[in-house]
Amino acid sequence: MLGYPAHFGQMECVRMIASPRYSEKRVGYLGAMMLLDEKQDASLLITNSIKNDLSHSNQYVQSLALCTLACMGSAEMCRDLAPEIDRLLRASNSYIKKKAALCAVHIVRKVHELGELFAPAARTLLTEKNHGVLHGAVVLIIELCERNPETLERFRKTVPDLVQIMKGLVLSGYSPEHDVAGISDPFLQVRILRLLRILGHNNEGASDAMNDLLAQVATNTDSTKTVGNAVLYETVLTVLDIKSESGLRVLAVNILGRFLLNNDRNIRYIAMTSLQKIVGTDHNAVQRHRGTIVDCLKDQDASVKRRALELSLALVSATNVRSMMKELLIFLSSCPQELKSHAASGIFNAAERYAPSQRWHIDTILHVLTTAGGDVRDETVPNLIQLITNASELHCYTVHKLYRALLLDISTQSLVQVACWCIGEYGDLLLRGECQETEPVQVTEDDVLDALETVLQSHMSSPATRGFALTATMKLSTRITDNVDRIRSVVSIYGSCIDVELQQRAVEYNALFKKYDHMRAAVLERMPVIEKNSPGHTNGESMGEVKENQASKKPAEPKLLPQPANQVCDLLGLLGGSEETLQPSPSTALGLLTNTPSTAGGNLLDLLGDLEPEPLTPAPLVPVYDKDGVALTLSCEKQSDTAMTVTLIASNSTDSDISSFTLQAAVPKSVKLNMNAPSGDFLPARGAAKVTQMVVLNYQNKVNLKMKIRISYSSRGSTFQDTVQIDTFPGL
């Protein structure tokens, strides 16, 4: 019937439920549970019948009504019938109390505020001897405690009662009625342990009351069968979640260690999942089972392998990094393809944190690149290059090792890229052949160039890899003496390459050979030591000389950053497209005529700005923007024939404060720009204070000197933005 219309049988169910005969009621209630839900209007018609049957003299009729309400009762039905369920929870019949407890669970889930109604009755049910009633009571109490913190505090007083019930189950003899594989009612034990975990969470008093019980359950429960393992697993979760003693936590970790030796893969999986959660807090206890966890890396099941890999990576420390890395590298060579990327990334992170030496670190990463170079992340190549650059004493060793790796295999792109970079930087060390750490190998200039040409011509090389190889070939032109003409011919060939990036590089390198040969040695010298996450580092993704300085940033000394010469300096879109320039307002033009100088103390508000002494003659202030009460003035101070400092001063003459005030600047590509940190980002009303911004411009051609300013700020809950172009600079 799933998915088929069932409206034809709904009214028949209502009619049969109202019948006085038990046989018809049973079929009617069964049909209602399958064909009706709380969204059907017909469900409201059986509310009165359920209420009448809850008071029926026959316990089986009452049971039918309770099961139906627990199965499809809507929120309205639950509110109407909750008092009847509370009455049945206090009945003398254990069969009815068991059903009523489970029905109360459904009502609490539907209508949370009705939980207070059932709390007193739920507590009295814990004194029952019937296991079915106890099971229903524990489930109800769990539901109540999870939904109401006040109820949770109230039920913490029942911990001694729950401990006594649990002890009775653990220590009781054989009971045919409740025994499952030698364990007395494991279902009730698991439920009680789950409730104890909730009651003992973040509560020392409740935790102390159950510590002895948990130790007893952990030592007395048979672990040879699945039923016993279920109880032990719930015990472990309870121990780890409450404020238990350290010895008890070690016992719980040891139980999980025994689970790792189980033949059932599901048990091994949940054991490693649990150990993964506690490895941060109980690291030493989990370390004792390191050998067993590493053995799980050889498991045939992919899920177990993944969990074992995550746990093994979490267990790596400064004391065991060499042995653990050896096992992880063996696993990497044979692990499934879908795990290679995760394994390589984890090995990189662990090696970076716990590397005993730089040589070991480099060897480990090169081993990973050789084994799984096609599955490593993109940032691996720049990270390894930075590591090699900083290890100056290992340059000779590294370039020899990478050169040999390049001769063996050029299919692994990441490895080939690092090898080409190292050969380009340290090719002179390779040609000397004086490396003490490796076997002496005589490498000629032709051998090195042959290897790089092989990479350039290989169909397996990506455009990025060819770029590395071409740059390495060009750099060798300053490190070798006899084959410069060969390098020049190789570079010229790629001047007509179909790949635009490669073609551009080749054309620029050809220009170095012809027009700028006197600068070639300086341009192609070795890279300096790379500082990770250095300020202003843009990874080559900058589109121009645009800086935005927030008030929260610390002031920095002016620092000129080299920018690509072929990129337009227009990140903000201020200088692109239209030739039309923004004209200053009439008040601005009037200010240009008057040209009122500033006072000597105009820069006192910029206490955190440039600490250079003020000039004897203050630079003239020129208004460049005045709109809606926000004014911007400009003054210039010439530092040299090609450098100038521009000071922008903003003021607010409106009646409301301005916040989040920022200035952004854009200049042509022939001009280099550096913006210092502003004096603030808040402009009080009526000109009570000003914001000062220092800009340093470096230029070659005064004719092209211009600048666009973007002004952004917030006032009265609204955000404003405007631009102004500056074509003339006073004093230039």
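**Group meeting: a helix pair, a sheet and some salt bridges**

R359 and D363 are both in helix α22, 4 residues apart, or about one turn of the helix. Their side chains meet in a salt bridge, with N to O at 3.9 Å. On the background to that spacing: an α-helix has 3.6 residues a turn, so residues three or four places apart point the same way. R359 has 31% relative accessibility, and therefore counts as partly exposed.

Before I go on, note that this is a predicted model. Please keep that in mind for everything that follows.

Now the whole chain. The protein has 732 residues, and 48% of them count as buried. There are 31 helices and 10 strands. The accessible surface comes to about 36700 Å², and carbon and sulfur atoms account for 52% of that. As for contacts between residues at least 6 apart in sequence, 67% of them join residues at least 24 apart.

Back to the helices. α22, where I started, covers residues 358-372 and is among the elements that cover the buried residues of α21. Others in that cover include α19 (302-315), α20 (321-334) and α23 (380-390). Helix α21 itself runs over residues 337-354, which makes 18 residues. At 1.5 Å a residue these should span 26 Å, and the end C-alpha atoms are 26 Å apart, so the expected and the modelled span agree.

Which residues of α21 are buried? They are L339, K340, A343, A344, S345, G346, I347, F348, A350 and A351. Note that the list includes a lysine, K340, and a serine, S345.

Next, salt bridges. A search of the whole structure finds 29 of them. I have already shown one, R359 with D363; here are some others.

E24 forms a salt bridge with R21, and the closest N and O atoms are 3.7 Å apart. E24, at 23% relative accessibility, counts as partly exposed. R21, at 52%, counts as exposed. The cut-offs matter for this pair: partly exposed ends at 50%, and over 50% is exposed.

E116 forms a salt bridge with R154, with the closest N and O atoms 3.4 Å apart. E116 lies in helix α8 (residues 115-125) and R154 in helix α10 (residues 149-155), so this pair ties together parts that are 38 residues apart in sequence. Both ends are partly exposed: E116 has a relative accessible area of 36%, and R154 has 34%.

There is also a network of salt bridges, which links D446, D450, E453 and R486.

On to the strands. Strand β5 covers residues 643-652, and it is mostly covered, with 9 of its 10 residues buried. What does β5 pair with? Strand β4 (residues 630-640) is joined to β5 by 10 bridges, and the two run antiparallel. A hairpin of 2 residues connects β4 to β5. One of the pairings to look at is K638, whose bridge partner in β5 is M644.

β5 is also joined to strand β8 (residues 691-698), by 8 bridges, again antiparallel. Here T645 has V696 in β8 as its bridge partner. So M644 is a partner of K638, while T645 is a partner of V696. As general background, in a regular strand the side chains alternate between the two faces of the sheet.

Another strand, briefly. V180 is found in strand β1, which is residues 179-180. At 28% relative accessibility, V180 counts as partly exposed. Leaving aside neighbours within four places in sequence, V180 is in contact with P186, F187 and V227. V180 and G228 are 48 residues apart in sequence, and their C-alpha atoms are 9.4 Å apart in space.

Last, the surface. Which residues make a nonpolar surface patch of about 260 Å²? Y516, M519 and V523 do. Y516 lies in the loop between α29 (500-514) and α30 (520-523). At 36% relative accessibility, Y516 counts as partly exposed.

To recap: α21 has the span expected for 18 residues, β5 is joined to both β4 and β8, and E116 with R154 ties α8 to α10.

Definitions and conventions: Residues numbered from 1 in each chain as written. Predicted model: local features only at pLDDT ≥ 70, side-chain atom pairs only at ≥ 80, totals over all residues. Heavy atoms only, no water. Patch = residues over 30% accessible without salt bridge, like charges linked within 9 Å, V, L, I, M, F, W, Y side chains within 5 Å. Areas by Shrake-Rupley, 256 points an atom, 1.4 Å probe, with all protein chains shown as cover. Salt bridge = Lys/Arg side-chain N within 4 Å of Asp/Glu carboxyl O. Buried < 20%, exposed > 50% of the residue type's maximum accessible area, 1.4 Å probe, protein only. Expected span 1.5 Å × (residues − 1). Contact = heavy atoms within 4.5 Å. Pairing = 2+ DSSP bridges.
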